[in-house]
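Here are a few notes to read alongside the picture. Take them one at a time and find each place on screen as you go.

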Amino acid sequence: MPGSCVFNDNWLVTPEYCQWVARVQGDYRKARCKLCLKDIDPAKMGECALKSHAKGAKHIQLLKMRHSDPGVLRIRDVLVSASPSRSSMTESEQYSHYGVGDRRP
Ligand SMILES: [Zn+2]
């Protein structure tokens, strides 16, 4: 139903999403990508919002890195839970740290 979609617990066990999707603390409707540290609002598109996010180039790159280095996700998990409101500030720093961003020092 458009406009009424909320976070679906099934996403946490769906192989396609379970590696990166998480709940957003304080907003039961939204999902968060643990790799990109981005909030995904399924209100309008429902599961399609996750699907379209999963197609993003940056997300795919981070997902590949996650497979090659499981430690990356562990670090991000800590960052997500420790500082949910500061993710946008540290986002570029993290990307450059892991060599994902386009920026060069
Ligand atoms: Zn992502």
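1. Start with the pair β1 and β2, which are joined in the antiparallel sense over 4 bridges. The two strands form a hairpin with 2 residues between them. In that turn, G26 has a positive phi of about 90°. Please keep in mind throughout that this is a predicted model.

2. Now look at who faces whom in this hairpin. V24 stands opposite D27 in β2. R23 has A31 of β2 as its bridge partner. In general, strands of a sheet pair through backbone hydrogen bonds, either parallel or antiparallel.

3. The next pairing is between β2, residues 27–33, and β3, and here 3 bridges join the antiparallel strands. Which residue of β3 is the bridge partner of A31? The partner is I40. Likewise, C33 has K38 of β3 as its bridge partner. A31 thus appears in two of our pairs, with R23 and with I40.

4. Put the pieces together and you have an open sheet of 3 strands in the order β1-β2-β3, with antiparallel pairing. The edge strands are β1 (21–24) and β3, each of which pairs on one side only. Neighbouring strands of the sheet are turned by 40° against each other on average, direction ignored. Helix α1 packs on this sheet and touches β1, β2 and β3. The direction of α1 makes about 145° with that of β3.

5. Step back for a moment to the whole chain. It holds 4 helices and 3 strands, and from the N terminus on the order is β-β-β-α-α-α-α. Of its 105 residues, 16% count as buried. Among contacts between residues at least 6 apart in sequence, 43% join residues at least 24 apart.

6. L37 deserves a careful look. This residue lies in the loop between β2 and β3, and the hairpin of these strands has 4 residues between them. L37 has a positive phi of about 55° although it is not a glycine. Is L37 buried or exposed? L37 counts as buried because 21 other C-beta atoms lie within 10 Å, and the cut-off for buried is 20 or more. From C-alpha to C-alpha, L37 and A22 are 9.8 Å apart in space, with their positions 15 residues apart in sequence.

7. Next, find the largest nonpolar core, which has 13 residues. Those with the most contacts inside it are W20, V21, A31, C33, L35, C36 and L50. Strands β1 and β2 each supply at least two residues of this core. As a general rule, in soluble globular proteins, nonpolar side chains tend to be buried together.

8. A31 is a good residue to click on, given its place in that list. Which residues does A31 touch, not counting those up to four places away in sequence? They are F7, W11, V21, V24, I40, P42 and L50. One of these, I40, is also the bridge partner of A31 in β3.

9. For contrast, turn to K44, found in the loop between β3 (38–40) and α1 (47–54). K44 counts as exposed because it has 11 C-beta neighbours inside 10 Å, and the cut-off for exposed is 12 or fewer. K44 and C5 are 39 residues apart along the chain, yet their C-alpha atoms are separated by 6.8 Å.

10. Finally, visit S4, whose place is in the segment before β1. Why does S4 count as exposed? S4 has 10 other C-beta atoms within 10 Å, so it is exposed. S4 and K44 are 40 residues apart along the chain, while their C-alpha atoms are separated by 7.4 Å. If you display S4 and C5 along with K44, you can follow both of these pairs, one at 7.4 Å and one at 6.8 Å.

Methods:
Residues numbered from 1 in each chain as written. Predicted model: local features only at pLDDT ≥ 70, side-chain atom pairs only at ≥ 80, totals over all residues. Contact = placed C-beta atoms within 7 Å. Pairing = 2+ DSSP bridges. Axes fitted to C-alpha atoms, helices over the stretch in contact; angles between N-to-C directions. Core = buried A, V, L, I, M, F, W, Y, C linked by C-beta atoms within 7 Å.
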